[in-house]
Each structure stands twice: as structure tokens, then as C-alpha cells.
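Here is a friendly briefing to read alongside the sequence and the 3D view. It goes through the contacts between chains first, then a helix, and then a few individual residues.

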Amino acid sequence: MPFSSLETLKQRLDQREVSAQDLAKLYLDRIDAHNTLLNAFVHIDHDHVMAQAKASDDYRAAHDTPRPLEGLPIAVKDIFCTQDGPTRCCSKILEGFDAPYDAHVITRLKEAGAVLVGKTNMDEFAMGSSTETSAFGPCRNPWDTDRIPGGSSGGSAAAVAAALTPAALGTDTGGSIRQPAALCGLTGLKPTYGRISRRGIIAFASSLDQAGPMTSCVKDSAMLTAVMSGHDAGDSTSVMDAPTIDWLGACDQRDMKGLRIGKPKEYFIEGMDADVRATIENALKQCEALGAEIVDISLPHTESAVAAYYVIAPSEASANLSRYDGVRFGQRCDNPEDLNDLYMRSRDEGFGNEVKRRILTGTFALSSGYYDAYYIKAQRVRTLIRQDFLEAFEKVDLIATPTSPITAFALGEKADDPLTMYLSDIFTIAVNLAGLPALSQPCGFVNGLPVGMQWIAPAWQEDCLLGAASAYESATTWHQQHPEAFQ
Amino acid sequence: MDIDVRKIAQLSRIRLTNHEAQELGPQLNSILGYIEQLQEVNTDGVAAMAHPHDSAMPLRSDIVTNSNRRDALQAIAPQTESGLYVVPKVIE
Amino acid sequence: MSWEVVIGLEVHTQINSKTKAFCGCSTEFGAEPNSQTCPVCLGMPGQLPVLNNEAVQKTILTGLAIDATINLESKFDRKNYFYPDLPKGYQISQFTVPLVEHGHLDIPVEGGGEKRIGITRIHMEEDAGKSMHEGLDSVSHIDLNRSGVPLMEIVSEPDMRSADEAVAYLKQLHQLIRFLDVSGADMEKGQFRCDANVSVRRFGAPLGTRAELKNLNSFRFIKQAIDYEVVRQIEIIEDGGQVVQETRLYDSVKGESRSMRSKEEAHDYRYFPEPDLPALRVTAEEVAAIKAGMPELPSQLRQRFEREYGLSSYDADVLSQTLELARYLEDLIAAHPANPKIAANWLANELLGRLKESGHEIVNSPVSASALGLLLDRIADNTISGKIAKDVLDEMMRCGQSADTIIEAKGLKQVSDTGAIDAMIQTVLDANPDSVAEFKSGKDRLFGFFVGQVMKASRGQANPALVNERLKLLLNS
């Protein structure tokens with residue numbers, strides 16, 4: 001049962017085969033058994049989980065119709081503010097920060113009857129691709145515990161992959177949902193920017209951040225997104241007139257007849273893992289067999305995406321992280337000599353190296369004399385990257401690429417080389433710059449490690465992503481494979 | 001391009017030890033070296049893009065919706081006194 | 001005098017919306033410290049701004065009143081700096097594309113006439129909180145009630161050529177803002193604050209290096225600070241030195257300014273587009289609707305007072321100086337519609353003087369417009385004379401009672417009974433037979449003497465017109 005999908009668990013709850021409390025207990029036991037090794041969760045409150053499960057069972061007993069996520073355990077990344085328990089963004093600087101509010105998405109999950117099982121590990125402030133920069137120590141990949149689970153939502157990915165929870169939420173600024181989903185053999189959806197409210201989600205790069213689900217199958221992602229999405233008057237970038245979607249209906253698609261899939265040449269390059277490439281090529285052949293037409297396309301500015309991203313994201317982050325100053329909440333250094341010392345030392349002691357690197361990079365890119373050459377230039381390149389996609393979508397319905405150029409790498413392998421680490425996001429970053437929806441789903445294995453395929457759709461067409469991914473999923477069994485050690 | 005790490009660190013209000021400055025300097029320079037490739041992209045006549053969508057800003061009505069939650073909000077503050085946040089003396 | 005002074009002003013004025021710029025916290029002045037804060041204006045993690053429409057409307061209204069261009073699409077930017085009263089570590093402001101641009105204000109100049117001062121832009125931004133140091137040894141206290149209160153920053157062109165012009169501009173702007181009701185503009189409460197950019201040059205020379213004077217919070221200090229700065233700069237140049245571009249803080253107690261250069265050096269605001277706020281768009285129709293609802297401005301009011309109420313241009317000017325005064329006049333005329341001109345006279349010549357003596361403002365006048373209107377009614381219906389009415393007004397100022405109560409209590413009611421007046425006249429005539437004889441022999445000017453005697457006998461309460469009429473009759477009989 002632990003590896004069941006949300007959909008299956010929901011059926012069993014609805015048929016009274018299990019209670020929400022049974023499920024909570026089941027997953028809490030698994031967390032107790034495996035979390036020491038995986039370090040997927042950084043905060044768990046057993047009593048609080050059981051209390052939520054009981055409240056859900058009570059609700060079910062008292063009402064004719066259960067709510068959409070009634071009794072289903074969901075884990076959330078430590079980046080979502082929750083009134084219950086600590087919120088740390090896996091940073092020392094948020095020590096003592098117990099958010100006096102819930103993120104909008106958390107409110108929606110609660111209103112839908114979900115049982116929140118705890119906070120998952122992540123790269124500090126979501127800055128990283130391996131969940132190694134966490135103040136709570138690195139998280140491990142259930143498929144090979146000497147390897148990283150990807151990042152920054154690595155804790156959520158590892159937790160779902162090892163069935164410590166049936167589903168989890170992540171956030172994605174440059175691939176932080178899709179890359180760990182790929183490296184842990186899961187489905188991860190980054191919706192269109194503006195689809196889901198960012199209110200109460202600790203900001204990394206405001207024009208790129210978007211929350212989304214990480215699940216064991218496509219339909220589960222649809223179920224969660226259906227609950228999470230919609231306009232929030234408290235987030236001015238949450239789009240008011242976004243086209244609505246039949247989230248679950250979109251997952252009924254079983255073939256790809258007439259679907260034109262673009263295969264961008266810039267995403268199949270020298271230097272990427274040859275086996276990963278072959279795995280994706282093979283998956284695309286299966287899509288053809290399902291009726292799709294594969295169209296060779298070009299996204300010519302792909303090469304500049306990483307560079308543009310590493311100007312824009314750190315610039316926004318450098319401002320977003322100024323509020324961590326030791327005055328109103330969070331970490332404050334001992335015995336500050338004066339105000340400057342309070343700032344300098346609290347932030348030195350509170351932030352880890354990767355966060356410091358990004359703040360410094362961003363501060364530099366915005367500083368007088370460099371702003372035009374770096375920040376404005378990157379924003380112009382961003383326009384070109386979006387145009388590439390718009391032009392491509394005149395020829396194709398969807399674009400398919402590898403999610404990551406490599407499979408999960410060993411812990412510590414890239415920790416000392418920030419630039420190489422940055423390049424591991426090479427296939428996911430352009431999507432955030434363009435604000436598009438994208439989904440990663442398992443499509444094979446290389447040396448026992450999962451490989452993910454990324455689908456990219458035009459803005460607001462998540463239904464198209466879900467349809468193609470569902471058709472592919474129904475024709476394959478990759479998503480049904482689970483790491484042996486955690487069966 | 002050689003970044004003045006100390007100046008940027010002061011602007012960012014992050015103390016750097018000598019050791020940290022020595023380590024971060026080359027790392028930042030290598031990152032900036034990589035970013036330098038942007039200069040090769042022809043962006044003549046291309047508009048800068050700050051937001052993913054060209055949507056307009058929703059506005060809020062002028063209605064007071066918040067009540068006094070000072071005690072709860074200051075419960076997580078490092079130092080307060082009589083409802084005021086306390087910091088080392090600000091010298092102007 | 002071969003020096004020309006060049007002044008540009010930046011005015012920060014708090015918009016008087018009920019709530020803050022980006023959250024639903026109250027902006028009420030004087031609340032308990034930090035009692036009007038929330039996660040948004042405290043800059044807590046994950047919190048996002050949502051712009052207050054009222055602040056937008058009032059900024060547009062102000063822009064229209066200075067004949068400016070309203071940008072139908074404007075943008076917000078972040079201005080980055082660390083300060084304990086700036087919770088997010090950046091201020092949300094408008095840097096690249098402000099809501100309002102290219103306006104102007106005409107100010108009166110010495111010797112008559114007007115001078116046009118260009119207004120470069122008005123942009124919206126949020127206020128910071130307050131840091132308090134007084135009476136504290138090694139710490140400062142931070143109150144964030146003001147954090148996030150909406151501000152308009154009104155930036156002028158460097159068009160002013162003297163401290164007097166600068167003050168005239170500020171007074172004109174202050175008056176406009178009050179009339180538009182877009183800000184309380186109370187300088188003591190920091191709702192209307194001014195920074196001045198001052199430079200000097202030889203006539204005909206290019207612009208000199210400017211200093212920015214901060215913290216000018218009264219019209220008097222602004223003049224003092226600018227005058228001080230001009231002398232300082234001229235001395236530097238005449239001594240062969242060079243003015244340094246810097247920020248200076250004016251100390252109104254010492255009457256001098258000091259450099260804040262140490263702080264300035266570290267400043268690099270790193271403006272960039274606010275990613276949490278999409279472009280602000282307004283339609284031409286919305287702007288037209290705001291324009292249609294524009295209240296009367298001082299000059300329009302002055303003209304209407306002359307036209308509709310027949311006021312002298314002097315009275316019209318005096319009574320259109322402040323919105324409160326103009327409102328009082330309108331209320332007074334509503335209470336006493338019979339003779340607006342007399343009403344205006346009483347307000348301008350009688351009430352204002354008394355208010356000044358007793359240290360009151362028109363808004364807290366002990367005599368309300370309707371109370372004064374009743375007094376004027378009593379003159380009009382001959383219950384009391386104008387002279388007695390002035391005494392009644394004195395009494396109303398003192399005790400706050402109505403005119404009728406005072407007239408009744410003091411027995412001041414005017415005597416208009418012919419019989420009673422005839423009796424008083426007869427008494428006076430009987431007591432002065434010689435004067436009567438002289439009058440009858442042709443000394444006409446003694447008529448005034450008799451009137452005075454009768455009024456005296458009536459303790460001022462006799463109806464003067466009736467006294468005249470009856471006296472003529474009885475003397476000639």
C-alpha cells in the first residue's frame with residue numbers, strides 16, 4: 001500500500017477500507033524507519049499529523065461528500081510557510097522563525113482535507129540542484145543512497161520515491177521540481193507562472209518561482225494542481241483571468257494521435273550523458289508509436305539561458321534576502337557591536353556559502369556601472385528565449401526534452417564547483433525564464449538510476465502536458481518501479 | 001573582469017573572513033566569466049523582460065483588513081521592548 | 001551680486017488613504033507602536049504586496065491638478081538599502097516609469113504676477129518606519145506603524161531662484177494638496193516633508209554642484225536652511241574651493257547643516273523592476289472620470305466667491321486660502337443665505353480676528369458656521385443691532401452658547417417699539433431744551449447728538465433706523 005497513488009488511496013478511503021488515521025500511521029512509521037538514512041524530512045510532528053488525520057476522519061463521518069484531498073497525506077517543502085511547526089527554508093538564518101501565517105497553497109490543501117505530514121529537506125533557500133546546501137544536512141536518493149536526490153526540492157522527491165509520503169509539494173525556480181523528480185523517478189509539474197499563488201512561499205527569485213506537485217503518477221499531479229491553482233488576491237502576479245482546465249479529465253488521454261512533438265536540437269548535445277540521451281530518444285520513438293509526430297525544431301538561445309538565469313535569479317534573490325537582517329525575526333548574532341555588525345555578522349552566520357555566492361553575484365549584477373551590462377542584458381536575452389518558444393509553438397503542440405543531462409550524481413561530487421552544479425540545470429532553466437508549464441516524468445533507467453523526460457507546453461496549456469504524459473504513462477511501466485531498499 | 005568582493009560584501013551586508021574572501025573571489029569570477037557569454041548575444045532592439053506575462057496589476061480596495069496582532073508578530077522577534085523592535089544604536 | 005541660486009525640491013507627501021500602500025493595515029496617526037503592522041509591512045518571508053487603488057486614484061488626481069501627463073502604464077521598482085526601519089531591505093518605488101510626469105505649478109512672485117515651476121514627476125512609493133534614539137543609550141527603537149504608508153514623491157525642476165520662491169512653491173503645493181484632499185499634509189506629523197537640492201552659479205554659467213538638504217520640516221526651516229546653504233556654497237567658491245555633491249542634514253536648533261557624506265558613500269540603490277508587481281495600467285476613461293470629479297482649486301474657488309457671492313476680491317482671496325476656511329464660508333452661507341456678502345464680511349473681519357486672539361483654528365472654532373449664521377439672522381431680523389452683535393459674538397467665543405441664549409439672558413433684544421422709542425426721545429428732548437432750541441434755529445448737526453443720546457439711553461438696544469425716523473418726526477413737530 002505505501003507505494004499507492006493518491007488516486008488509489010482516495011478510493012480506499014472513500015470505500016472505508018482504510019481511515020485517514022491508518023494512512024497517517026502507515027507513513028509516519030515509514031518515516032521513522034527510513035528518515036534517519038534519507039534525511040528527506042526536516043520537521044515532523046507525529047501528534048499533529050495524527051490530530052489532522054483524526055479531524056479528517058471526523059469530517060468524513062459528519063459529511064456526505066468528502067473534500068477533494070480528504071485524509072490524503074501530503075508532505076511540503078520547508079519553503080512553504082506553515083502556522084504549525086517551524087518554517088526554516090533549511091537555513092540557519094530562519095532559526096526561531098515560526099511563521100504566523102500559512103502559505104496560500106497550504107490553506108488550499110487544508111481546506112481540501114489534506115493531512116500535512118511535515119516539512120521536507122531542500123537546498124538552503126532553494127539555491128542548489130542537489131539538496132546538499134541544506135542547513136539540516138544533505139538528503140539522499142532512495143535509488144542509491146550515496147547519491148543526491150536532485151534539488152532543490154530533493155527532500156520532497158526522496159520522500160515520495162521512498163514512499164514516506166504518497167505525494168509532496170515542491171517549488172521550481174530553475175528546475176527544482178522537475179530535476180529531482182527526474183532523478184528520483186517521479187512525476188513533477190511546474191505550472192505556468194501565475195497559475196499558483198506564491199503568497200507565503202519564501203521567495204527565491206520572484207519572477208521565476210512557482211510551486212507544484214511531485215507525485216508517483218501523472219493523475220496525482222493533476223489532482224494536487226487542481227486544488228493549488230487559481231487566482232489569489234494576495235499575490236499580484238497570480239493571474240486573474242488564467243484559462244481554467246479540466247485537470248483530471250486531461251489525464252484520460254491514452255494515445256498521441258495527431259500530436260506534434262517538437263524535438264529541439266539544442267537539448268540533445270555533446271557532453272550530455274549518452275545513455276540518458278538514448279533513453280529519451282527511445283521514449284520519443286514510443287511516442288511516435290502512440291501516434292505522435294516528432295518534429296525537429298530549434299530553440300536557438302538555449303545556450304544563453306543558464307547565463308541569463310544566473311544573472312536574473314541572483315539579482316532578485318539579493319533583494320528578496322535583504323529582509324533577513326536579524327531585526328524582526330530569525331537569527332541575530334550575539335552581542336552586536338553596532339548596527340553594521342548586527343547585519344554583517346547575523347547574515348554571515350545565518351547564510352550558507354551557496355546563498356552568499358548568489359547574494360553577492362546578484363548584488364554585483366545590480367550595482368551601479370554593471371546593471372546595464374548584466375541585468376538589463378539578461379532581461380533582453382530572456383525576451384529572446386521566450387520568443388524562441390513562441391515561434392516553436394507555431395509548429396508544434398508540445399516540446400519534449402531530457403529533464404537533466406545526467407542521472408543522479410554522487411554526494412559531494414559537485415559541491416566544490418558551483419559552476420558545474422549550475423550547468424546541471426541546463427535543460428530546465430529556459431522554461432522558468434519563459435514562464436511556461438513543464439512536466440517531468442520517468443522514462444527509463446541508466447545503471448539503475450531513473451531518467452526523466454520533460455514536456456514543455458505553451459502558457460496555460462497544462463492540460464496538453466497532462467494529456468501527453470498520461471498517454472505515455474499508460475503505455476509504460478517506469479512509474480511503477482520503486483527503489484528496492486524501501487519496498 | 002575582477003569583482004571587488006569586499007565592496008560587494010559590504011553592499012550585501014555579509015561579513016567575509018579573509019579566508020572566505022579568498023575562496024569566494026575566484027568562484028565569483030568564474031561565475032561572472034561564464035555570464036560574460038551574454039555579451040555575445042545580439043539583443044539590438046530587443047525589449048528587456050521583467051515579468052513572464054504581460055498582465056496588468058490587480059488593485060486592492062482601501063479597506064482596513066488587519067487588526068492589531070503585535071504580540072503574535074513580535075513573539076518571533078529577537079529583541080523587543082514595550083512593543084518596539086530594538087537594534088543597536090542607529091547613528092546618522 | 002553676481003551669484004544665481006538654483007533650487008529644485010523633492011516633496012514627500014503621505015497619501016491620506018485609510019490603509020497602507022501594499023497591505024490592509026490602518027494608517028491612522030498616533031497609534032500604539034507597531035500596533036498597525038502585519039506580515040506584509042514587516043517584510044516577513046513569502047509576503048507579497050498588493051497595491052491600494054485609492055493611492056493610485058489620489059496620485060492621478062494630483063497629477064491632473066498640475067496639468068501633468070498621466071502615464072497609462074507605469075512601473076514599480078525596488079530601491080535597495082539596509083536600514084532598520086526598512087523591513088524588506090528595499091523600498092518599493094517608481095523609478096523608470098512614474099505614474100505622473102511633466103506637470104507644473106504657478107507660484108505668485110514678489111511684485112505681482114506668477115512664475116511657472118516645472119514638476120518633473122510624481123511617483124508612488126512606500127514610507128519607511130520610524131527609528132527613535134532620544135533618551136536611549138546604546139540602542140534605537142523601531143516603530144513600523146508608518147512602514148508601507150503610501151507616499152507621493154513630487155519632484156520639481158530646478159526652477160527656483162531664491163529661498164522665497166522655494167517657500168512660495170511649497171506653500172502653493174501644500175495648499176493644492178489640501179484642496180485635493182489627497183494628504184493630511186500636516187508637517188508636524190511628517191505628512192509633508194521636503195528635501196532641497198541647492199546650488200549656486202555665476203549668472204550665465206552652467207549649473208553648479210548641488211547639495212541635497214534633508215529633513216526640512218517647516219516652511220521657516222526650509223528658508224533658513226536654503227539661505228544658510230547658499231552662503232556656505234558662495235563662501236567655499238569665493239575662497240577658491242569646490243562644492244562637493246553630498247547630502248546635508250539641517251539642524252534647526254543650531255541653525256546649521258552638516259554633511260552626511262559618510263553614509264552617502266556606501267549608497268548604491270541597485271534599482272531594478274519589482275518582480276512582485278506587474279505594470280500598473282490605467283485607462284484614459286478612468287483618468288477622465290477622475291478629472292471629472294476634480295474638486296475646486298483655490299483659484300477657481302476665489303473666482304466663484306466673487307461671481308456667486310459678490311465678494312470683494314480681497315475677501316474672496318482670504319476666504320479661499322484654505323479648504324477649511326472655504327468650507328466654513330460655504331456652511332455659513334448655507335445657514336444664512338440672505339446676504340452672502342455680509343456673511344463673508346463677518347467671517348473675514350470678525351470671526352478670524354477673534355480666532356487668532358484665542359489661538360483657535362477655523363476647524364476647531366468655538367463658534368460653528370450655523371451658530372454664526374443664527375447671529376447674522378438676528379441682525380437681519382432686527383432683533384439686535386450690528387454693534388450689539390459683535391458683543392454677542394465675543395460672548396459666544398467665550399461660552400459657546402447660542403446667540404439667542406445670550407441675547408435672551410442679557411436682555412439685549414433691540415427695541416423696535418415706536419411707543420417706547422418715542423418715550424425715550426421725549427425724555428432726551430425734555431432734558432436738553434437748549435439744544436432743542438438751537439436745532440430748531442438751524443443747527444442741523446445737533447441731530448447726531450440727539451441720536452447718540454437716545455442710543456445711550458437705550459443702552460444700545462434701540463433700533464437705530466427707527467430712532468432716526470422718530471427723532472426727525474418729533475423734532476420737527
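In this predicted model, chain B and chain A bury about 5,300 Å² between them, and carbon and sulfur atoms account for 67% of that area. On the chain B side, B:Arg15, B:Met49 and B:Ile76 lose the most area to chain A, together 14% of what that side buries. Chain B also touches chain C, where about 3,800 Å² is buried.

**Chain B with chain A**

- The contact brings together 50 residues of chain B and 69 residues of chain A.
- Two kinds of polar pairing can be counted here: the rule finds 2 salt bridges across the interface of chain B and chain A, and there are 20 residue pairs in polar contact, both residues at pLDDT 80 or more.
- Helix 1, helix 2 and strand 2 of chain B are the elements that give two or more residues to the side touching chain A.
- Helix 2 of chain B supplies the largest share of that side, with 10 residues.
- Sorted by class, the side of chain B that touches chain A has 31 nonpolar, 12 polar and 7 charged residues.
- If you would like a pair to zoom in on, B:Arg15 forms a salt bridge with A:Asp348, with 3.0 Å between the closest N and O atoms.

**Helix 10 of chain A**

- The salt-bridge partner A:Asp348 is one of the buried residues of helix 10 of chain A.
- Helix 10 covers residues 339-350 of chain A, 12 residues in total, and reaches 16 Å from its first C-alpha to its last, close to the 16 Å expected at 1.5 Å a residue.
- Most of helix 10 of chain A is covered, as 10 of its 12 residues are buried.
- Besides A:Asp348, the buried residues of the helix include A:Leu339, A:Leu342, A:Tyr343 and A:Met344, along with the charged-class residues A:Asp341, A:Arg345 and A:Arg347.
- What covers these buried residues? Among the covering elements are helix 11 (353-366) of chain A and, from chain B, helix 1 (5-12), helix 2 (18-35) and strand 2 (84-88).
- At its N-terminal end, helix 10 of chain A is capped by A:Asp338, a side-chain oxygen of which lies 3.2 Å from the backbone nitrogen of A:Asn340.

**Chain C with chain B**

- Here 53 residues of chain C are in contact with 35 residues of chain B.
- Carbon and sulfur atoms give 58% of the area buried between chain C and chain B.
- The count between chain C and chain B is 2 salt bridges, and in one of them the side chains of B:Asp54 and C:Arg281 meet at 2.7 Å, N to O.
- Polar contacts between chain C and chain B come to 24 residue pairs, both residues at pLDDT 80 or more.
- Two or more residues each come from helix 1 (53-65), strand 9 (139-143) and strand 16 (280-281) of chain C on the side that touches chain B.
- Strand 9 of chain C gives the largest share of that side, 5 residues.
- By class, the side of chain C that touches chain B holds 29 nonpolar, 13 polar and 11 charged residues.

**A buried alanine in chain C**

- C:Ala196 sits in strand 11 (residues 192-202) of chain C.
- Is C:Ala196 buried or exposed? It counts as buried because its relative accessibility is 0%, where the cut-off for buried is under 20%.
- Leaving aside neighbours within four places in sequence, C:Ala196 is in contact with residues including C:Gly8, C:Leu9, C:Ala211 and C:Ile226.
- C:Lys214 is 18 residues from C:Ala196 along the chain, and their C-alpha atoms are separated by 6.8 Å.

**Backbone details in loops**

- The peptide bond from A:Gly151 to A:Ser152 is cis, with omega near 10°, and A:Ser152 is in the loop between strand 3 (115-120) and helix 5 (154-161) of chain A.
- A:Arg16 is not a glycine, yet has a positive phi of about 60°.
- The loop between helix 1 (6-14) and helix 2 (20-38) of chain A holds A:Arg16, which counts as exposed at 57% relative accessibility.
- C:Asn382, also not a glycine, has a positive phi of about 65°.
- C:Asn382 is in the loop between helix 10 (369-380) and helix 11 (386-399) of chain C, and its 39% relative accessibility makes it partly exposed.

Notes. Residues numbered from 1 in each chain as written. Chains lettered and ligands numbered in written order. Predicted model: local features only at pLDDT ≥ 70, side-chain atom pairs only at ≥ 80, totals over all residues. Heavy atoms only, no water. Helix = DSSP H or I, 4+ residues; strand = E, 2+ residues; numbered from the N terminus. Expected span 1.5 Å × (residues − 1). Buried < 20%, exposed > 50% of the residue type's maximum accessible area, 1.4 Å probe, protein only. Contact = heavy atoms within 4.5 Å. Polar contact = N/O pair within 3.5 Å; in protein donor to acceptor, adjacent residues only side chain to side chain. Buried area = accessible area lost by both parts, 1.4 Å probe. Salt bridge = Lys/Arg side-chain N within 4 Å of Asp/Glu carboxyl O.
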